[in-house]
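Dear colleague,

I am handing over the structure we spoke of, and my notes on it follow below. Please read them with the model open beside you.

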Amino acid sequence: MGRGKIEIKRIENASNRQVTYSKRRNGILKKAKEITVLCDAKVSLIIYASSGKMHDYCSPSTSLVDILEQYHRQSGRRLWDPKHENLSNEIERIKRENDRMQIKLRHLNGEDISSLNPKELIALEDALENGLVSIRDKQSEKMERMRKNGKMMEEEHNYLKFVLRQQEIARQQQELAMENSVSAEIDNYQRENHHDYAYHVQPIQPNLQERI
């Protein structure tokens with residue numbers, strides 16, 4: 001028995017809806033690839049899931065931009081406003097400028113210069129010499145900054161050593177003063193105790209004259 005017809009309506013169950021989407025999306029992409037190969041057709045396909053995730057396919061012989069431009073010409077429908085067209089033109093201009101810069105960079109690296117004429121080679125040589133002078137100037141400036149920074153760091157280091165030395169001297173002087181103070185207190189204490197001892201501890205001697 002063949003498969004029965006499925007009523008085309010939104011699948012309410014989220015899990016079943018996701019499974020159906022995945023299967024049918026793969027089927028559409030497969031058909032797009034098949035018609036590209038079998039019929040030499042130009043196909044561009046964009047699919048967005050309900051989650052916002054995009055899946056796309058474009059025939060290897062073309063691009064999405066080419067297909068959209070061809071559709072724009074043949075259908076007469078405007079796919080974007082003049083503002084977007086100006087933006088597209090600006091993007092193309094930037095791409096061309098980038099290509100020119102890439103070629104110029106290769107020339108500066110000594111690549112692909114066989115096609116340059118003598119005038120272009122002279123201009124390239126001047127640009128390299130100017131660049132070399134600029135690099136040397138920048139290098140000299142950087143070395144001078146490094147020298148100044150090194151001198152400043154050395155001066156700061158010497159100053160910190162001086163401060164630490166002064167703190168060490170002050171600490172030693174304080175310790176010496178404390179030792180002298182303690183020593184003086186000990187001497188005073190010993191002298192006072194010795195005097196009391198001499199005054200109170202003398203043995204009592206009988207008066208010899210009275211006894212005689």
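**The nonpolar core**

The largest nonpolar core consists of eight residues, namely Tyr21, Leu29, Ala32, Val43, Leu45, Ile47, Ala49 and Tyr57. Helix α1 (14-39) and strand β1 (44-48) each supply at least two residues of this core, and α1 gives the most, with three. Please bear in mind throughout that this is a predicted model.

Ala32, which lies in helix α1, counts as buried because its relative accessibility is 7%, where the limit is under 20%. Leaving aside neighbours within four places in sequence, Ala32 is in contact with Val43, Leu45 and Tyr57. The C-alpha atoms of Ala32 and Tyr57 are separated by 7.8 Å, although the two residues are 25 apart along the chain. Tyr57 in turn touches Leu29, Ala32, Lys33, Thr36, Val43, Ser44 and Leu45, again not counting residues up to four places away in sequence.

**The chain as a whole**

The chain has five helices and two strands, which follow one another along the sequence in the pattern α-β-β-α-α-α-α. Of its 212 residues, 8% are buried, and among contacts between residues at least 6 apart in sequence, 19% join residues at least 24 apart. The chain exposes about 19500 Å², of which carbon and sulfur atoms supply 55%.

**Around β2 and α2**

Thr62 is found in the loop between β2 (54-58) and α2 (64-75), and with a relative accessibility of 15% this residue counts as buried. Its contacts, not counting residues up to four places away in sequence, are with Lys42 and Ile67. For α2 itself, twelve residues at 1.5 Å a residue should span 16 Å, and the end C-alpha atoms are indeed 16 Å apart, so the expected and modelled spans agree. After α2 comes Gly76, which has a positive phi, near 75°.

On the surface, Ile46, Tyr48, Met54 and Leu64 make a nonpolar patch of about 380 Å². Ile46 is placed in strand β1 and is partly exposed, with a relative accessible area of 41%.

**Salt bridges**

The count of salt bridges comes to seven. One of them joins Arg10 to Glu12, with the closest N and O atoms 3.2 Å apart; Arg10 is exposed at a relative accessible area of 52%, and Glu12 is exposed as well, at 61%.

Lys31 forms a salt bridge with Glu34, the closest N and O atoms being 3.9 Å apart. Because these two residues are three apart in helix α1, Lys31 and Glu34 are separated by about one helical turn. An α-helix has 3.6 residues a turn, so residues three or four places apart point the same way. Lys31 is exposed, with a relative accessible area of 56%, whereas Glu34 counts as partly exposed at 31%.

A comparable spacing is found in helix α4 (residues 118-200), where Arg147 and Glu144 are three residues apart and therefore separated by about one helical turn. Their side chains meet in a salt bridge with an N to O distance of 2.6 Å, and the two residues are partly exposed, Arg147 at 47% relative accessibility and Glu144 at 32%. Finally, Glu168, Arg171 and Glu175 are linked in a network of salt bridges.

With best regards

Terms used
Residues numbered from 1 in each chain as written. Predicted model: local features only at pLDDT ≥ 70, side-chain atom pairs only at ≥ 80, totals over all residues. Heavy atoms only, no water. Core = buried A, V, L, I, M, F, W, Y, C linked by side-chain atoms within 4.5 Å. Buried < 20%, exposed > 50% of the residue type's maximum accessible area, 1.4 Å probe, protein only. Helix = DSSP H or I, 4+ residues; strand = E, 2+ residues; numbered from the N terminus. Contact = heavy atoms within 4.5 Å. Expected span 1.5 Å × (residues − 1). Patch = residues over 30% accessible without salt bridge, like charges linked within 9 Å, V, L, I, M, F, W, Y side chains within 5 Å. Areas by Shrake-Rupley, 256 points an atom, 1.4 Å probe, with all protein chains shown as cover. Salt bridge = Lys/Arg side-chain N within 4 Å of Asp/Glu carboxyl O.
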